[in-house]
Amino acid sequence: MAPGRKRKPGKRYPCGKRTRHELEKDAMSVAIDARRRHFGVTAKQAKDERLGTAVGRLAFRELISETQYQAGVAFGQLYRDHHATVGLPSPSPRSVAGLLINEGIFGASPSEPVLEVIDKLKRRFAAATFALDACDRDHRMSTGRRPTLLVYRVICSDEDAMHWPEEDIGNLRVALNALLRVFRL
């Protein structure tokens, strides 16, 4: 018998390498095991894609509604698109490689975005930020942190909010409801 580690089970190509499906399944099992340990969920629940983001975990635990979750996802995508189009850096790049790709060093699009698309994106972003600012003005006397700050921390910076006080969760719900009206979800 050859020395070394035992071969992992699964289908292989004729050359001996594991198939792509086996490699993906192996990677997913690591992620599922980590989610089970970290969030205390079952294997079936760990496959839920909402556990991958902070706003998704709030929706998974039913601290926010599904429509509020959809508004948060829409705002997060709008925020990333706006920052990439305008040339602003991401608040929390996932990796150096992701930063290089987002900054246009590798894999950048060779064509510039159309001006109409840029204007539409800027108008949508301005409408969303105006709605969030209105939430801050309307709830300036409420307890807890400002709704705009909470949206930024949960959606843009992906900060875990599972142990926030109920006042902050309530203010986050108010901000997500304002985004619902902007995005007409």
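These exercises with worked solutions concern a predicted model.

**Exercise 1. The faces of helix H1**

Task: Find which residues of H1 are buried, and say where they sit around the helix axis.

Solution:
- Step 1. H1 runs over residues 20-39. The helix has 20 residues and spans 28 Å from its first C-alpha to its last, close to the 28 Å expected at 1.5 Å a residue.
- Step 2. The buried residues in H1 are Glu22, Ile32 and Phe39.
- Step 3. These residues cover an arc of only 140° around the axis, so they lie on the same side of H1.
- Step 4. Arg20, Val30, Arg37 and His38 are exposed on the other side of H1.
- Step 5. The partners of the buried residues of H1 are helix H2 (43-46) and H3.

**Exercise 2. The two ends of H1**

Task: Describe Thr19, in the segment before H1, and Gly40, just after H1.

Solution:
- Step 1. Thr19 belongs to the segment that precedes H1.
- Step 2. Is Thr19 buried or exposed? The cut-off for buried is under 20% relative accessible area. Thr19 has a relative accessibility of 14%, so Thr19 counts as buried.
- Step 3. Leaving aside residues up to four places away in sequence, Thr19 touches Lys11, Arg12 and Tyr13.
- Step 4. At the other end, Gly40 has a positive phi of about 65° just after H1.

**Exercise 3. The nonpolar cores**

Task: Determine which residues have the most contacts inside the largest nonpolar core, and which helix gives the most to this core.

Solution:
- Step 1. The largest nonpolar core contains 28 residues, and Phe75, Val151, Val154 and Leu179 have the most contacts inside it.
- Step 2. At least two residues of this core come from each of helix H3 (54-60), helix H4 (66-86), helix H6 (115-138), helix H7 (147-156) and helix H8 (166-183).
- Step 3. With 7 residues, H8 gives the most to this core.
- Step 4. Leu179 touches Ala71, Phe75, Ala128, Leu132 and Val151, with residues up to four places away in sequence not counted.
- Step 5. Another core, of 6 residues, lies apart from the largest one; Ile32, Phe39, Val41 and Ala46 are among its members. Ile32 and Phe39 also appear among the buried residues of H1.

**Exercise 4. Salt bridges**

Task: State how many salt bridges the whole structure holds, then examine the pairs of Asp48, Asp136 and Glu166.

Solution:
- Step 1. Searching the whole structure gives 8 salt bridges.
- Step 2. Asp48 is bridged to Arg50, with the closest N and O atoms 2.8 Å apart. Arg50 has a relative accessible area of 19%, so this residue is buried.
- Step 3. A network of salt bridges links Asp48, Arg50 and Glu66.
- Step 4. Asp136 forms a salt bridge with Arg146, and their closest N and O atoms are 3.3 Å apart. This pair links distant parts of the chain, 10 residues apart: Asp136 is in helix H6, while Arg146 is in the loop between H6 and H7.
- Step 5. Asp136 counts as buried because its relative accessibility is 12%. Arg146, with a relative accessible area of 49%, is partly exposed.
- Step 6. Between Glu166 and Arg173 there is a salt bridge whose closest N and O atoms are 3.2 Å apart. Arg173 has 24% relative accessibility and therefore counts as partly exposed.

Note on methods. Residues numbered from 1 in each chain as written. Predicted model: local features only at pLDDT ≥ 70, side-chain atom pairs only at ≥ 80, totals over all residues. Heavy atoms only, no water. Helix = DSSP H or I, 4+ residues; strand = E, 2+ residues; numbered from the N terminus. Buried < 20%, exposed > 50% of the residue type's maximum accessible area, 1.4 Å probe, protein only. Contact = heavy atoms within 4.5 Å. Core = buried A, V, L, I, M, F, W, Y, C linked by side-chain atoms within 4.5 Å. Expected span 1.5 Å × (residues − 1). Arc of directions from axis to C-beta. Salt bridge = Lys/Arg side-chain N within 4 Å of Asp/Glu carboxyl O.
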